[in-house]
Amino acid sequence: MQYVTLAKVKEVLPGQTKAVQVGQCTILLVNDQGEFYALQSLCGHQNLPLVGGKVWRGMLDCPWHHFQYDVRTGENLYPKQVYPLNALPNLRQQIKPLCTYPVRVVNEKVQVGIPESCKPE
Ligand code: FES
């Protein structure tokens, strides 16, 4: 794994997201109250882009149909914690955690640990 600079700190303000293409992957940067996180950029529900989703107190809200994720772990918060999954088998298949990537801030630059699988062929 190699850390790559994906943005300057001031390019992603608190509450904002930014999608960055890195090789074969698109990484979603999230600024939650000054802390940066990096997640996969597509929602588990219908594989639509999460960029532009609302960020609020550790939670990312998908702008399409409002699935919600924990920005730290990628875990699905809504609807997983609301609906009984055994009652909704179709929904169960759409509720997946998002991949997360390690983040560090160095000299006002947001760097993300990129797995080998994202590198260009
Ligand atoms: S695509 Fe994200 S909630 Fe539907």
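This short talk walks through the fold of one protein, its central sheet, and a few residues worth finding on the screen.

Please keep in mind throughout that what we are looking at is a predicted model. Let me begin with the chain as a whole. The secondary structure of this protein amounts to 1 helix and 11 strands, and if you follow the sequence from its beginning, these elements come in the pattern β-β-β-β-β-β-β-β-α-β-β-β. The radius of gyration is 14 Å, close to the 14 Å that the globule rule gives for 121 residues, so the protein is as compact as a globular protein of that length. Along the principal axes, the C-alpha atoms fill a box of roughly 50 × 35 × 20 Å.

Turning to burial and surface, 39% of the 121 residues count as buried, while the accessible surface comes to about 7,100 Å², with 51% of that area belonging to carbon and sulfur atoms. Among contacts with a separation of 6 or more, 47% are made by residues that lie 24 or more positions apart.

Now to the sheet. In what order do the strands of the open sheet of 4 strands stand? The order is β2-β3-β4-β9, and the pairing is antiparallel. At the edges we find β2, residues 17-22, and β9, residues 100-101; each has a single partner strand, so one side of each is left without a neighbour in the sheet. As a reminder for anyone new to this, strands of a sheet pair through backbone hydrogen bonds, either parallel or antiparallel.

Let us look at the pairing strand by strand. Between β2 and β3, which covers residues 25-32, there are 6 bridges, and the two strands run antiparallel. If you want to check the register yourselves, you can see K18 opposite L29 in β3, then A19 opposite L28, and then V20 opposite I27. These two strands form a hairpin with 2 residues between them, and G23, which is in the turn, has a positive phi of about 60°.

On its other pairing, β3 is joined by 6 bridges to β4, residues 35-40, and this pair is antiparallel too. One example of the register here is V30, whose bridge partner in β4 is Y37. Again there is a hairpin with 2 residues between the strands, and in this turn Q33 has a positive phi of about 55°. How many of the 8 residues of β3 are buried? The count is 7, and β3 is accordingly described as mostly covered.

Next come some backbone details. Most residues other than glycine have a negative phi, and most peptide bonds are trans. With that background, please find R57, in the loop between β5 (54-56) and β6 (59-61), where phi is near 45°, a positive value in a residue other than glycine. The relative accessible area of R57 is 61%, which is over the 50% cut-off, so R57 counts as exposed. A second case is H66, in the loop between β6 and β7; H66 is not a glycine either, yet its phi is positive, at about 70°, and with a relative accessible area of 42% this residue is partly exposed. Finally, the peptide bond joining Y78 and P79 is cis, with omega about 10°, and P79 is placed in the loop between β8 (76-78) and α1 (89-94).

I would like to close with a few individual side chains and their surroundings. Is D70, in strand β7, buried or exposed? Its relative accessibility is 12%, under the 20% cut-off, so D70 counts as buried. Leaving aside neighbours within four places in sequence, D70 is in contact with G58, E75 and L77.

K109 lies in strand β11, residues 109-114, and is partly exposed, at 38% relative accessible area. Although K109 and L6 are 103 residues apart in sequence, their C-alpha atoms are 7.6 Å apart in space. Not counting residues up to four places away in sequence, K109 touches T5, A7, K8, V9 and R104. That last residue, R104, also lies over the face of Y3, at 4.0 Å from the ring centre. As for pairs of aromatic rings, the count comes to 0 under the rule applied here.

Methods. Residues are numbered from 1 along each chain as its sequence is written. This is a predicted model: local features need pLDDT of at least 70, side-chain atom pairs count only at pLDDT 80 or more; totals for chains, interfaces and linings use all residues. Side-chain values use heavy atoms; hydrogens and water are left out. Rings of Phe, Tyr and Trp (its six-membered ring) pair if their centres lie within 6.5 Å; planes under 30 degrees apart count as stacked, over 60 as edge-to-face and the rest as tilted. A charge sits over a ring if NZ of Lys or CZ of Arg is within 6 Å of the ring centre and within 35 degrees of the ring normal. Two strands pair if DSSP finds at least two bridges between them. The radius of gyration is taken over C-alpha atoms; the globule rule is 2.2 Å times the number of residues to the power 0.38. Buried means under 20% relative accessible area, exposed over 50%, partly exposed in between (1.4 Å probe, protein chains only). Contact means heavy atoms within 4.5 Å. Accessible areas come from the Shrake-Rupley method with a 1.4 Å probe; for residues, only the protein chains shown count as cover.
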